[in-house]
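Work through the two exercises below with the model open. Try each task before you read its solution.

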Amino acid sequence: MEHQYPFVPYRPERFEADEMIKRGEEFHALVDRRRSVRFFSDEPVPYRCVELAVRAANTAPSGAHQQPWKFVAISDPETKRRIREAAELEERQNYEGGRLPQEWREALAPLETTSDKGYLEVVPWLVVCFAEKYGVRPGGRKVKHYYVNESVGIACGLFITALHAMGLSTLTHTPNPMAFLTEICGRPANERPYILFPIGYAAPDAEVPDLARKPLAETLVRFDGKLGLS
Ligand code: IYR
């Protein structure tokens, strides 16, 4: 059989148990320091950092290895301004125009978010992640994509983790609805805006809500194969 990908040996690093746990603890401590940021400095960030974060995202597993994502990096002030204006227009309808259902407003209230998205103009980079709903072959033929949301979500998780590892901050912003990003970024019909990431250094006086992560007991179930009889 003709292999599209030749199979090659894969021997991931192995560690003693103590070392495994130490590494797990260190990685957890690193990612536990990450917070979503809404107050940014306008200090420039090298484009190389954006490239490296996208390279990290590109290592994500994806349905049928179709890698159905596209990251668009924007630094041009005029484009940032257009994105801020369009995002705030939508968010004003959400927050002040009564478009957000009551239950959603209540869920958001503790985060004290508003329709003001000034950070979209402050940051040195806006990166928009688009999900490729289907592929398009060079001749124009459409190719079905599989598990697009799962794949792009994992890629974005790696993306924000890479930014954090470099000392940068971001926000997984979804200015609902975000079709305006397709138009402003000039993207084709097979791509749907997925997340808008403002990227920069956190402002020196940035604040975040003092949230707690769910305890392990609420997020991990050790299932021993037997359903409890009560
Ligand atoms: N997109 C809006 C509302 C919003 C929604 C959720 I879910 C959040 O976790 C935070 C905000 C906004 O950006 O303000």
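A polar contact is a pair of N or O atoms within 3.5 Å. The model used here is predicted.

**Exercise 1. Describe the surroundings of the ligand.**

Task: list the residues around the ligand, then find polar atoms close to the ligand's own N and O atoms.

Step 1. List the shell. The residues around the ligand are Arg38, Glu91, Tyr95, Trp104, Leu108, Thr114, Lys117, His173 and Thr174.

Step 2. Sort the shell by class. It holds three nonpolar, three polar and three charged residues.

Step 3. Check the ligand's nitrogen. A nitrogen atom of the ligand lies 3.1 Å from a polar backbone atom of Thr174. That distance is within 3.5 Å, so the pair counts as a polar contact.

Step 4. Check the ligand's oxygen. A polar side-chain atom of Lys117 is 2.6 Å from an oxygen atom of the ligand. For His173, an N or O atom of the side chain is 3.3 Å from a ligand oxygen atom.

Step 5. Look at burial. The ligand alone exposes 370 Å², and the protein buries 71% of that.

Step 6. Trace the shell to its elements. Helix H3 (77-95) and helix H4 (102-108) each give two or more residues to the shell.

**Exercise 2. Classify the packing of H1 and H6.**

Task: is helix H1 roughly parallel or roughly perpendicular to helix H6?

Step 1. Take the geometry. H1 (residues 17-32) and H6 (residues 148-165) pack at about 90°, with their axes 10 Å apart.

Step 2. Apply the cut-off. Angles of 65 to 115 degrees count as roughly perpendicular, so H1 is roughly perpendicular to H6.

Step 3. Name the contact residues. H1 supplies Phe27, Leu30 and Val31, while H6 supplies Thr161, His164 and Ala165.

Step 4. Sort them. Four are nonpolar, two are polar and none is charged.

Note on methods:
Residues numbered from 1 in each chain as written. Predicted model: local features only at pLDDT ≥ 70, side-chain atom pairs only at ≥ 80, totals over all residues. Heavy atoms only, no water. Near = heavy atom within 4 Å. Polar contact = N/O pair within 3.5 Å; in protein donor to acceptor, adjacent residues only side chain to side chain. Areas by Shrake-Rupley, 256 points an atom, 1.4 Å probe, with all protein chains shown as cover. Helix = DSSP H or I, 4+ residues; strand = E, 2+ residues; numbered from the N terminus. Nonpolar A, V, L, I, M, F, W, Y, C, P; charged D, E, K, R; others polar. Axes fitted to C-alpha atoms, helices over the stretch in contact; angles between N-to-C directions. Parallel < 35°, antiparallel > 145°, perpendicular 65-115°, else oblique. Contact = heavy atoms within 4.5 Å.
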